[in-house]
Amino acid sequence: MIEKILVAVAGRGLCEEMFNMLMDIPSLQRASVTVLHVVPPQVTADGMADKLKEGGEILAQAVQSLKVDPTKVNPRLRQGDPKTIVCEVAEEEKSDLIIMGSRGLGRLQSILENSVSQYVFQLTSRPMLLVKDDTYVKKIKRVMVAIDKSDAALECLKLALALLKEVSGGQVILVHVTKDLTGKNTEDLTPNAEKDPILAPAVAEVKKMGVSYRCVTATGKPGETICRLAEDLSVDLLLLGSPDRRPNIAKSFLDLDRLLGNSLSDYVRVYAKCPVLLARTVG
């Protein structure tokens with residue numbers, strides 16, 4: 001259940017737009033929201049004063065644009081490194097969902113340019129909804145969930161059903177991609193896809209909730225296939241599980257393997273053309 005949402009704003013407006021779309025979902029209308037803007041350290045006191053003033057204006061404008069009861073809004077202006085502050089505030093507020101913008105940088109470029117969203121994605125254990133600068137935010141009706149045998153995929157399915165259970169005309173699209181890196185690609189969008197043994201438990205859960213659904217099975221490169229299907233099926237929101245691979249002894253270090261692209265969730269985060277909600281289970 002999503003009761004506390006953290007929206008990290010940067011003055012571009014997309015995160016606020018995404019939040020407003022979420023507020024059309026009945027199950028989220030009781031949620032409270034923390035709106036956070038972080039002002040990075042500046043070289044001079046005058047520079048810091050100017051940035052704080054600008055940050056206050058960005059925060060005020062963001063709060064004003066939210067379609068929610070003002071008593072449920074907690075605006076926070078913080079000074080520091082945005083990467084660490086977002087993680088800290090998410091923990092302080094016990095946020096059930098983080099909404100962040102992303103410039104959609106390539107994976108190596110995001111390391112070199114010190115991507116805030118990439119860093120937060122690596123270190124937070126909380127569900128994170130990423131909205132890229134070039135994303136067209138739509139009313140949420142069609143939600144795709146990538147299904148495999150992982151607990152993280154099950155968490156995504158639960159989130160999707162919680163979102164859609166009271167949405168008129170809502171549909172969940174269950175997708176199972178079998179990895180094939182040889183270049184062979186197949187797809188089955190017919191009712192036969194429902195017979196896929198990986199999708200069967202998910203279908204049973206969906207039927208219990210009475211949510212409209214369709215199933216898709218495919219073979220190919222998982223990241224490319226999921227992104228292509230999301231675009232072909234005009235998906236409004238894509239949910240993807242991201243298993244927690246960070247060793248307990250090194251939670252504060254970035255997973256360079258993942259950053260360099262060996263991760264399905266990283267590929268989809270960068271290349272999907274719709275908002276992406278990443279969820280992981282914490283070991």
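**View 1. Strand 7 pairs with strand 9 in this predicted model.**
Val-172 has Tyr-213 as its bridge partner in strand 9. The two strands run parallel and are joined by 9 bridges. Strand 9 covers residues 212–220, and strand 7 covers residues 171–179. Strand 7 is mostly covered, with 7 of its 9 residues buried. Across this pairing, the C-alpha atoms of Tyr-213 and Ile-173 are separated by 5.7 Å. Along the chain, Tyr-213 and Ile-173 are 40 residues apart.

**View 2. Strand 6 also pairs with strand 7.**
Strand 6 spans residues 142–146. It runs parallel to strand 7, and 5 bridges join the two. Val-145 stands opposite Leu-174 of strand 7. The chain leaves strand 6, passes through helix 6 (residues 151–164) and arrives at strand 7. This β-α-β crossover is right-handed.

**View 3. Tyr-213 makes a side-chain contact with Glu-194.**
Tyr-213 belongs to strand 9. Its relative accessible area is 23%, so Tyr-213 counts as partly exposed; the cut-off for buried is under 20%. The side chains of Tyr-213 and Glu-194 form a polar contact at 2.9 Å. Beyond residues up to four places away in sequence, Tyr-213 touches Gln-171, Val-172, Glu-194, Val-203, Val-206 and Lys-207.

**View 4. Gln-171 is a buried residue of strand 7.**
Gln-171 has a relative accessible area of 16%, which means that it falls in the buried class. Its side chain makes a polar contact with the side chain of Arg-142, at 3.3 Å. Neighbours within four places in sequence aside, the contacts of Gln-171 include Lys-141, Arg-142 and Val-143. Leu-164 is also in contact with Gln-171. So are Ser-212, Tyr-213 and Arg-214.

**View 5. The side chain of Asp-236 reaches two backbone nitrogens.**
Asp-236 sits in the loop between helix 8 (222–232) and strand 10 (237–241). With a relative accessible area of 7%, Asp-236 is buried. A polar atom of its side chain lies 2.9 Å from the backbone nitrogen of Lys-141. The backbone nitrogen of Arg-142 is reached at 2.8 Å. Residues within four places in sequence are left out of the contact list for Asp-236. That list holds Lys-138, Lys-139, Ile-140, Lys-141, Arg-142, Cys-274 and Pro-275.

**View 6. Tyr-267 and Tyr-271 form a tilted aromatic pair.**
The structure holds 1 aromatic pair. The ring centres of Tyr-267 and Tyr-271 are 4.6 Å apart, and the ring planes meet at 40°, so the pair is tilted. Both residues lie in helix 10 (residues 264–271). They are 4 residues apart there, so about one helical turn separates them. Tyr-271 is partly exposed, at 39% relative accessibility.

**View 7. The whole protein sets the context for the close-ups.**
The protein has 10 helices and 11 strands. Of its 283 residues, 52% are buried. Among contacts between residues at least 6 apart in sequence, 79% join residues at least 24 apart. The accessible surface comes to about 13,300 Å². Carbon and sulfur atoms account for 52% of that surface.

Definitions and conventions
Residues are numbered from 1 along each chain as its sequence is written. This is a predicted model: local features need pLDDT of at least 70, side-chain atom pairs count only at pLDDT 80 or more; totals for chains, interfaces and linings use all residues. Side-chain values use heavy atoms; hydrogens and water are left out. Buried means under 20% relative accessible area, exposed over 50%, partly exposed in between (1.4 Å probe, protein chains only). Two strands pair if DSSP finds at least two bridges between them. A crossover is right-handed if, with the strands pointing away from the viewer, the path from the first strand over the helix to the second runs clockwise. A polar contact is a pair of N or O atoms within 3.5 Å; within protein, one must be able to donate a hydrogen and the other to accept it, and residues adjacent in sequence count only if both atoms are side-chain atoms. Contact means heavy atoms within 4.5 Å. Accessible areas come from the Shrake-Rupley method with a 1.4 Å probe; for residues, only the protein chains shown count as cover. Rings of Phe, Tyr and Trp (its six-membered ring) pair if their centres lie within 6.5 Å; planes under 30 degrees apart count as stacked, over 60 as edge-to-face and the rest as tilted.
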